[in-house]
Amino acid sequence: MASGADRISDLPDDVIHHVLSLLPSRDAVRTCALARRWRDLWRSVPAVRVAGDRGWASFDALARFVDSLLRLRRGGAALDACDFDLRFDGAFPGEELQGDTWIRRALRRQVRALRFAVSTHPRVPIPLSDSPLVSHSLTTLELRGVQGNDQVLDFSSCPSLVDLKMKDCYVGGLEMWSPSLKHLSITYCVFYCDYRTRMDFPSLVTFKFNTNTGRTPLLETMPSLATAAVRLDHFCHDRCANGWYDDCGDAGCKGCHDYYRPDEYDCVFLEGLTEATDLTLLAYSKVYLFNRDLKWCSTFSKLKTLFLNAWFVAPDLSALAWFLQHAPLLERLFLRVSKVPKNLVGMDGSFNQLEQPFAASHLQIVEIYCREVDGIILKILKLLILCVLVSTPRINKTQAVHGHKYVFDGTDIVSLALKGSQFSTYVMYH
């Protein structure tokens, strides 16, 4: 301004702190040179934001800055967020990256939301020391590119933690546990332990498990669960080398070996999801986990919305029939159908439900996504019609045959509707 007055310095400390919290911490610290008023303001900024390694003379310079930044913070100053976003495209600093030290120092500063993300090429996880993370203030934790074993995966010493995201992490512990966690997302992680990691999150409300490598973890019951989205693709080790959905009996098949442990558990994964109201289950066609779990799983008594992909097709639609029978409140069903390998071998004692009438009395909408209306689609439609006939007694078989209609709109949609019922099916091409 023409008068030369410093209006910004006249702002209250809280306002200046908020402005500085939006900047990278390196820039926030540089404001100490503006005037005497700004000399120590950076020490109380409620957010720490560190990005690297660009712009630093060396990694050692970055490390010294982070050490000083955390060490010189004003005691008692609130720390709402701490964000480490470290990307290394060239030489990896290795043990010089003191990620574990920085995480625990931030926790001692009573941080509420902590994000520690490391991206390296090639992919090298940063090991965390095998001791619990301890904080009564931490509510949100996001970890990327780290390796955790045993005790560090026990989050019971963070009683306020409600939101946990893990991506590109290496999980080597036998157990993950938190009594307070409500939202959990695990994506692109590697479960490298020879045994299944036991997950115990009794307060969990939302769960995302997507495209992870290794053996699928063992889920304990989650009574508060509302929404779950799971994707098991070809990185999952729960598949038979001989193409069986049931145990092939081959001692050399790592996928089938020690799958069941009757003395410890029967159902590996699905039992932990039985309280969900909204469920998405996607799997690579050769992954057998869901099909085997259904033999031991209890009823999905609250489920209202279900999305399945091609895994339910082979070998005989028994998985679809199982859900129609064991999800009594199911209202919306979404199916994505594609070709499945012909060499997959069915399970002994399959459900063989297609010839047995059963009701799906709450089912209102079914959407089927496919490339063509083939024999599989017609078989699915036959099963669905059977459900409606049983759940709507006033429609007899003759009425249903003459009452349903197929309406083709170009190559876009086929709709099936039955008179006297609220049920409708849409077959959509993609």
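How many helices and strands does the secondary structure of the protein chain come to? The answer is eight helices and 23 strands, where helices (H or I, at least four residues) and strands (E, at least two) are DSSP runs, numbered from the N terminus. Before going on, I should say that this is a predicted model, in which local features need pLDDT of at least 70 and side-chain atom pairs count only at pLDDT 80 or more, while totals for chains, interfaces and linings use all residues. Residues are numbered from 1 along each chain as its sequence is written, and side-chain values use heavy atoms, with hydrogens and water left out.

Let me start with the chain as a whole. Of its 430 residues, 48% count as buried, and buried here means under 20% relative accessible area, with exposed over 50% and partly exposed in between, using a 1.4 Å probe and protein chains only. If we take the contacts between residues at least 6 apart in sequence, 62% of them join residues at least 24 apart, a contact being heavy atoms within 4.5 Å.

Now to the sheets. One open sheet has five strands in the order β4-β6-β8-β11-β14, with parallel pairing, and two strands are said to pair if DSSP finds at least two bridges between them. At the edges stand β4 (126-127) and β14 (213-214), each with a single partner strand, so one side of each is left without a neighbour in the sheet. Inside this order, strand β6, residues 146-148, pairs in the parallel sense with strand β8, residues 170-171, over two bridges, and Q147 stands opposite Y170 in β8.

A further open sheet is made of three strands, in the order β9-β12-β15, and its pairing is parallel. Here the edges are held by β9 (175-177) and β15 (218-219), and each has a single partner strand, so one side of each has no neighbour in the sheet. Strand β9 runs parallel to strand β12, residues 198-200, and three bridges join them; the bridge partner of W177 in β12 is D200.

Strand β3 deserves a moment of its own. Which strands does β3 pair with? Strand β2, residues 81-88, pairs with β3 in the parallel sense over eight bridges, and R87 stands opposite S119 in β3. Strand β5, residues 140-144, also runs parallel to β3, joined by five bridges, and in β5 the bridge partner of R115 is E142. Strand β3 spans residues 113-120, and six of its eight residues are buried, so the strand is largely enclosed by the rest of the structure.

Let us turn to the empty space inside. Three cavities of 30 Å³ or more are counted, where a cavity is a set of points, on a 1 Å grid over the protein atoms alone, at which a 1.4 Å probe fits but cannot get out, and lining residues have an atom within 4 Å of a point. Grid points are joined across faces, edges and corners, and a volume is the space filled by probe spheres set on the points. The largest cavity has a volume of about 60 Å³, and among the residues that line it are L20, W42 and R73. Helix α2 (25-30) and strand β1 (47-52) each supply at least two lining residues, and α2 gives the most, with three.

The second largest cavity holds about 50 Å³ of space. Its lining includes L128, F155, Q147 and Y170, and you may remember the last two as the residues that stand opposite each other in β6 and β8. Strand β6 gives the most to this lining, with three residues.

To finish, here are three single residues. F207 is found in strand β13, residues 206-210, and at 4% relative accessibility it counts as buried. Leaving out residues up to four places away in sequence, F207 touches ten residues' worth of surroundings that include L184, L219, F269 and L273. F207 and K182 are 25 residues apart in sequence and 8.5 Å apart in space, C-alpha to C-alpha.

The other two residues lie in loops. Q110 is in the loop between α4 (99-108) and β3, and its phi is near 65°, a positive value in a residue other than glycine. Y188, in the loop between β10 (183-187) and β11 (190-191), has a positive phi of about 55° although it is not a glycine. At 39% relative accessibility Q110 counts as partly exposed, and Y188, at 40%, counts as partly exposed as well.

Note on methods
On a 1 Å grid over the protein atoms alone, a cavity is a set of points where a 1.4 Å probe fits but cannot get out, and a pocket is an open set with protein on both sides within 12 Å along at least five of seven lines; lining residues have an atom within 4 Å of a point.
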